[in-house]
Amino acid sequence: MLEDNKQTVLRYIEEVLNTGNTALVPEFISPGYVEVYNNKQFPSGIEGAVMHIKGVRQTYPDLALTVGFQIAEGDYVATCYTMRGTHAGTWMGIHPTGREIAVTGVNIDNVVDGKIVEHGGAANLFEVLLDIRAIRVAGADPAE
């Protein structure tokens with residue numbers, strides 16, 4: 001079961017997130033799907049997952065996640081990944097910069113009966129904000 005859960009998450013990344021093929025979302029996401037942020041659950045369902053993917057791919061149309069490794073315990077799968085893409089759409093009020101980004105992060109997914117029912121995680125967005133020059137280090141040369 002642990003390997004099956006890891007495969008479900010891996011296939012979701014490869015077949016949906018990396019391609020933008022939201023038609024496949026119902027194969028991987030439960031209708032009762034929730035996103036977890038700051039220890040709070042936000043019901044999203046299949047429609048919310050689709051909207052999230054479309055929004056991210058609008059900002060980063062060439063989005064690609066590379067899985068470093070996965071660990072599974074019980075119904076939970078932890079996935080360490082690197083996401084790469086080009087900042088081509090408005091993100092957090094930041095206009096497109098055309099800059100390539102790389103984000104490292106960890107996702108935690110709860111997989112029940114072959115479908116993802118809960119998703120949360122953490123990503124290093126500080127480096128992305130530096131990469132797209134949305135923020136600068138105090139005292140740094142503005143020309144850099």
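Select threonine 104. With a relative accessible area of 45%, this residue is partly exposed. That class runs between two cut-offs: buried is under 20% relative accessible area and exposed is over 50%, using a 1.4 Å probe and protein chains only. Residues are numbered from 1 along each chain as its sequence is written, and side-chain values use heavy atoms, without hydrogens or water. The model is predicted, so local features need pLDDT of at least 70 and side-chain atom pairs count only at pLDDT 80 or more, while totals for chains, interfaces and linings use all residues.

Stay on threonine 104, in strand β5. Strands (E, at least two residues) and helices (H or I, at least four) are DSSP runs, numbered from the N terminus. Now show the neighbours: threonine 104 touches Tyr81, Thr82, Ala123 and Asn124, leaving out residues up to four places away in sequence. Contact here means heavy atoms within 4.5 Å. Then add leucine 125, which is 21 residues further apart along the chain from threonine 104. The two C-alpha atoms are separated by 8.4 Å.

**Into the pocket**

Next, show the largest pocket. How much space lies in it? About 1000 Å³. A pocket is found on a 1 Å grid over the protein atoms alone: it is an open set of points with protein on both sides within 12 Å along at least five of seven lines, whereas in a cavity a 1.4 Å probe fits but cannot get out. Lining residues have an atom within 4 Å of a point. Points are joined across faces, edges and corners, and the volume is the space filled by probe spheres set on them.

Select Glu35, His52, Val56, Tyr81 and His119. Of the 38 lining residues, these are the closest to the pocket's centre. Colour the elements that give two or more residues to the lining: α1, β1 (29–37), α3 (45–59), β4 (76–86), β5 (100–112), β6 (115–123) and α4 (125–131). Which element gives the most? It is α3, with eight residues. By class, the lining has 26 nonpolar, nine polar and three charged residues. Nonpolar covers Ala, Val, Leu, Ile, Met, Phe, Trp, Tyr, Cys and Pro; charged covers Asp, Glu, Lys and Arg; the others, Gly among them, are polar.

**Where two helices meet**

Two packed helices are described by the angle between their axes and the distance between the axes. Show α1 and α3: their axes come within 12 Å and cross at roughly 60 degrees. Axes are lines fitted to C-alpha atoms, for helices over the stretch in contact, with angles from 0 to 180 degrees between N-to-C directions. The pair α1 and α3 is therefore oblique. Under 35 degrees would be roughly parallel, over 145 roughly antiparallel and 65 to 115 roughly perpendicular; the rest is oblique.

Select the contact residues: Tyr12, Val16 and Leu17 of α1, with Ala49, Ile53 and Arg57 of α3. Five of the contact residues are nonpolar, none is polar and one is charged.

Zoom to isoleucine 53, in helix α3. Is isoleucine 53 buried or exposed? Buried, at 3% relative accessibility. Beyond four places in sequence, isoleucine 53 touches Tyr12, Val16, Leu17, Gly20, Thr22 and Val25.

Slide along to threonine 8, in helix α1 (residues 2–17). Threonine 8 is buried, at 12%. Past four places in sequence, threonine 8 touches Phe28, Val111, Gly114 and Ile116.

**Strand β1 and the loop after**

Pick serine 30 in strand β1. At 14% relative accessibility, serine 30 is buried. Apart from neighbours within four places in sequence, serine 30 contacts Gly45, Ile46, Lys115, Ile116 and Val117.

Most residues other than glycine have a negative phi. Select asparagine 38, in the loop between β1 and β2 (40–43). Phi is positive there, near 55 degrees. Asparagine 38 is exposed, at 59%. Asparagine 39 is in the loop between β1 and β2, and its phi is positive, near 60 degrees. Asparagine 39 is exposed, at 78%.

**Last stop**

Finish at histidine 95, in the loop between β4 and β5. Histidine 95 is exposed, at 60% relative accessibility. Histidine 95 touches His87 and Thr90, not counting residues up to four places away in sequence. Add alanine 134, 39 residues apart along the chain: its C-alpha atom and that of histidine 95 are separated by 9.2 Å.
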